[in-house]
Amino acid sequence: MGNPILEIENLRTSFRIKDNYYAAVDDVSLTVKKNELLAIVGESGCGKSALAFSIMGLHSKANVEGNIYFKGRDIANISPAKLNELRGKEMGMIFQDSLSALNPLMIIGDQIDEIIYIHNNKLAKKDRKEKVIDLLDKVGILHPAFTYNQFPHELSGGMRQRVVIAMAIANEPELLIADEPTTALDVTIQSQILDLLKKLKEDIHAGIILITHDLGVVAEMADRVAVMYAGQIVEIADVYTLFENPLHPYTRSLLNSVPNSNVVQSELHVIEGIVPSLQNLPREGCRFSPRIPWVDSSAHEKNPELHEVNPGHFVRCTCYRNFYFPEKSKGDQHHVVS
Amino acid sequence: MSFLEVKNLKVHFPITGGLLGRTIDHVKAVDGVSFSIEKGKTYGLVGESGSGKTTTGRAIIGLNKITSGNVLFDGQDITNLRRSKMSARRDIQMIFQDPYSTLNPKKRVFDIVAEPLRNYENLSKREEKKRVQELLELVGLSPESIHKYPHEFSGGQRQRIGIARAIALKPKLIIADEPVSALDVSVQAQVLNFMQKIQKELGLTYLFISHDLGIIKHMCDRIGIMYKGRYVEEGTPEDIFTNPQHIYSRRLVAAIPDIDPRKREQQLQFRRTVKEEYEQSYNDYFDDKGLAYQLQPVSDTHLVALPGRG
């Protein structure tokens with residue numbers, strides 16, 4: 001493991017809606033070490049991607065406060081030009097939708113070549129081409145020299161995702177952020193891409209942030225897991241602790257709502273209510289409290305903080321101590337049409 | 001007699017080309033699929049994208065033209081029947097994958113849900129409104145939501161509007177094509193629980209199409225696995241998940257991420273073994289055109305596409 005590659009302190013990313021700013025990422029602090037895979041889980045609208053985009057400095061209109069240290073250097077407040085030197089070189093990003101992440105009018109080879117050229121314009125065209133073909137080979141593309149000349153639309157989803165990964169690792173980044181890299185793919189392709197990411201982690205010793213909503217993927221890949229809800233980290237722990245001893249009500253509810261292939265469940269747990277929209281986020285008290293109304297309100301903290309319950313295991317709010325699942329998910333009451 | 005019986009179903013799409021736009025070849029999206037569903041049960045159809053599972057579902061309900069083969073519904077042959085001639089049409093409904101693109105954004109929820117009623121039933125305005133409100137209540141939406149537009153709802157709520165529309169005519173069979181794939185896990189749980197609940201209450205039969213094996217296992221009584229337009233294996237969840245016989249099914253089952261991080265190494269090992277086996281013996285499981293063989297029974301409930309044994 002070793003030193004942190006990335007340290008985030010009290011990050012707050014706000015978006016302007018009409019005349020007010022609303023924080024989509026609110027007071028997030030975390031670290032990623034070299035050779036470590038940190039998974040960030042949560043449902044859509046929890047601020048996972050907003051966090052990733054903030055780290056990469058990809059929000060053009062958001063208000064980003066707090067500190068982001070990349071190898072000890074604060075990158076939250078540096079000029080776009082300086083940031084551009086880091087992005088694509090020392091920091092790589094894998095986007096979710098590979099079709100829109102690639103230029104439809106450019107052949108694959110040129111797109112990867114461009115990334116290498118921008119960060120190292122001394123390399124001859126011939127050498128770069130060799131390097132691109134090597135990269136395509138590394139990410140498991142069967143005929144790299146042929147694919148070099150293909151356009152994105154000629155490739156399948158899995159192949160395109162491999163190309164996007166090849167672009168992200170082209171300059172051997174020290175930090176790799178993968179935003180839902182397998183969500184759009186079939187399970188067999190997903191397992192290949194995940195294996196590839198595992199292999200890359202060993203090969204390039206990068207720190208990886210894997211953003212996903214799939215708990216199975218987390219269980220297979222992560223060293224540590226951060227669970228996000230409504231812009232905040234509600235629980236963070238190593239992967240074994242998180243799956244064996246989850247504490248926060250949101251983590252426990254999430255784990256209970258997935259069909260588990262090892263256990264037969266007659267009914268899945270349903271989390272009451274919905275993820276609140278940015279404008280309707282409760283800004284005071286425990287943000288998860290509206291979704292567990294049966295838990296006594298005195299169980300929540302006024303200003304929920306992350307508590308270290310065990311070394312390395314943090315949980316927000318004290319409500320986890322009094323949390324229990326209701327007898328039967330109270331959910332919706334349905335009637336039969338007669 | 002099964003409730004729905006699909007016999008040697010083939011759906012081929014022509015590929016046109018050349019100067020005159022003549023048909024030069026066919027894409028065999030579905031190439032000889034047979035299965036049957038018992039009344040009140042849930043049948044799962046699994047496969048990766050392009051395997052033909054959606055085309056199969058669409059062909060049954062009449063959205064794709066059937067090239068050959070038969071579909072029997074409740075004893076009646078409904079293969080390529082003209083819409084107007086088919087009373088069975090209202091008994092089969094479909095729930096689509098994407099709750100964002102399947103609801104007309106310009107229509108109010110009332111008109112969306114009332115559309116099938118207007119097509120098939122002659123109701124007065126009052127009765128119609130009452131029925132729509134009942135349906136919305138049934139799917140857990142407030143009766144006031146009839147005046148809202150689809151964009152005012154969350155993904156899970158939209159999918160429930162889609163379900164309300166599908167059950168408006170009290171169908172007997174629902175074809176659910178990846179009904180929860182576009183939804184978050186907690187919303188997914190909500191929709192799945194709800195589908196199970198109305199299945200019991202209304203005595204529905206489901207054809208559940210999905211690529212998510214975890215969900216299929218949770219929902220289905222019987223499962224068929226498709227690959228390149230053909231069946232490679234069919235059986236009970238027990239047969240498929242604990243004793244997969246076809247190399248493709250084994251690969252698919254091995255690919256499911258396990259929710260227990262302690263089993264990570266074991267899972268990786270298992271996946272590697274299956275991958276090697278897959279690479280070595282792929283050709284043994286498919287004929288010289290790369291297609292799956294005919295299904296052969298290996299037990300009372302379990303069928304596998306193995307090379308002919310006489």
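Trainee: Into which domains is chain A divided?
Mentor: This is a predicted model, where local features need pLDDT of at least 70, side-chain atom pairs count only at pLDDT 80 or more, and totals for chains, interfaces and linings use all residues. Residues are numbered from 1 along each chain as its sequence is written, with chains lettered from A and ligands numbered from 1 in the order in which they are written. By an automatic or database domain assignment, chain A is divided into domain 1 (1–90 + 174–330) and domain 2 (100–170).

Trainee: Which helix gives the largest share of the side of domain 1 of chain A that touches domain 2 of chain A?
Mentor: The C-alpha centres of these two domains of chain A lie 30 Å apart. In contact (C-beta atoms, placed from the backbone, within 7 Å) are 12 residues of domain 1 of chain A and 11 residues of domain 2 of chain A. The largest share of the domain 1 side, six residues, comes from a helix (a DSSP run of H or I, at least four residues, numbered from the N terminus), namely residues 187–204 of chain A, helix H8.

Trainee: And between the chains, how many residues come from H5(B), the helix with the largest share of the side of chain B that touches chain A?
Mentor: Chain A brings 34 residues to the contact and chain B 36 residues. On the chain B side, helices H3, H5, H6, H8 and H9 each supply at least two residues. From H5(B) come eight residues.

Trainee: Roughly parallel or roughly antiparallel: how does H4(B) lie to H5(B)?
Mentor: Their axes (lines fitted to C-alpha atoms over the stretch in contact) are 10 Å apart, at an angle of about 20°. Angles under 35 degrees count as roughly parallel. Therefore H4(B) lies, relative to H5(B), roughly parallel.

Note on methods. Two residues are in contact if their C-beta atoms, placed from the backbone, lie within 7 Å. Axes are lines fitted to C-alpha atoms, for helices over the stretch in contact, and angles run from 0 to 180 degrees between N-to-C directions. Angles under 35 degrees count as roughly parallel, over 145 as roughly antiparallel, 65 to 115 as roughly perpendicular and the rest as oblique.
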